[in-house]
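Subject: Structure for your review

Dear colleague,

Please find below the structure that I am handing over to you, together with its sequence. I would be grateful if you would read the notes that come after it with the model open.

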Amino acid sequence: MDETEFWEIIDSTREAAEGDPEDHADLLVERLVRLDPDSVLDFARHFEARYNRAYSWDLWGAAAVLLGGASDDAFDYFRCWLIGQGREVFEGAVHDPDSLAELLDDFDEDLDGDGEDLGYAADEAYEQLTGVVAPDLGLPPQPTEPAGTPVSLEDDAVLAARYPSLRNRFGAV
């Protein structure tokens with residue numbers, strides 16, 4: 001599976017789910033079980049590589065603005081949700097997290113930002129196909145610390161200054 005196919009699967013299942021993260025995860029599993037197990041593992045590698053790539057202080061700060069705070073777990077689920085938003089949103093956010101203000105059509109703190117189930121979709125599909133737990137993907141582990149310069153996630157003034165577009169559009173800070 002190449003990167004284009006990975007993003008096509010993400011996009012088609014998100015569109016079918018009409019933006020609901022839980023439905024998106026269910027549809028993603030349904031789509032992945034139509035593939036062979038090796039393709040599911042390829043999908044999982046693509047997902048995990050992007051998940052690790054999004055492990056940055058800049059994105060964590062943006063998540064804190066959008067979510068009104070972001071614990072370790074909340075940021076993990078946010079990164080899964082971000083991948084689920086598709087290539088354009090993901091790449092734009094990784095490059096410039098404040099650009100999420102323009103990249104997102106809307107953001108509902110109660111519905112958006114939590115893609116925990118998306119992070120398990122490939123594992124679930126693989127297990128349904130094979131009856132066994134997915135093997136190690138052979139990717140380097142996530143770094144112990146996020147990339148970049150640490151952000152004070154509890155300091156509203158710092159977050160407002162660092163993410164002015166997100167603050168102005170979504171007003172969570």
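The notes below cover charged pairs, then aromatic pairs, and then a contact between the two kinds of side chain. Please bear in mind throughout that this is a predicted model.

Charged pairs

Searching the whole structure gives 8 salt bridges. One of them is formed by the side chains of Arg50 and Glu3, with a distance of 3.0 Å from N to O. Arg50 belongs to helix 3 (residues 37–53) and Glu3 to helix 1 (residues 3–16), so this salt bridge ties together parts that are 47 residues apart in sequence. Arg50 counts as buried, at 10% relative accessibility, whereas Glu3 counts as partly exposed, at 27%.

Helix 1 also takes part in a salt bridge between Glu8 and Arg31, at 2.8 Å from N to O. Because Glu8 lies in helix 1 and Arg31 in helix 2 (residues 21–32), the pair joins parts that are 23 residues apart in sequence. Glu8 is partly exposed, with a relative accessible area of 37%. For Arg31 the relative accessible area is 19%, and this residue is classed as buried because the cut-off is under 20%.

A further salt bridge lies within helix 5 (residues 72–84). Here the side chains of Arg79 and Asp76 meet at 2.6 Å, N to O. The two residues are 3 apart in the helix, a separation of about one helical turn. Arg79 is buried, with a relative accessible area of 0%. As for shared partners, salt bridges join Glu3, Arg50 and Arg87 into one network.

Aromatic pairs

The count of aromatic pairs comes to 11. In one of them, the ring centres of Phe107 and Phe170 are 6.1 Å apart and the planes stand at 65°, so the pair is edge-to-face. Phe107 is found in the loop between helix 7 (100–103) and helix 8 (116–130), and Phe170 in helix 10 (residues 164–170), so this pair ties together parts that are 63 residues apart in sequence. Phe107 and Phe170 are both buried. Elsewhere, ring pairs link Phe6, Trp7, Phe43, Phe47 and Phe90 into a cluster.

A charge over a ring

Arg79, the partner of Asp76 in the salt bridge described above, also lies over the face of Tyr51, at 3.8 Å from the ring centre.

With kind regards

Terms used. Residues are numbered from 1 along each chain as its sequence is written. This is a predicted model: local features need pLDDT of at least 70, side-chain atom pairs count only at pLDDT 80 or more; totals for chains, interfaces and linings use all residues. Side-chain values use heavy atoms; hydrogens and water are left out. A salt bridge is a side-chain nitrogen of Lys or Arg within 4 Å of a carboxyl oxygen of Asp or Glu. Helices (H or I, at least four residues) and strands (E, at least two) are DSSP runs, numbered from the N terminus. Buried means under 20% relative accessible area, exposed over 50%, partly exposed in between (1.4 Å probe, protein chains only). Rings of Phe, Tyr and Trp (its six-membered ring) pair if their centres lie within 6.5 Å; planes under 30 degrees apart count as stacked, over 60 as edge-to-face and the rest as tilted. A charge sits over a ring if NZ of Lys or CZ of Arg is within 6 Å of the ring centre and within 35 degrees of the ring normal.
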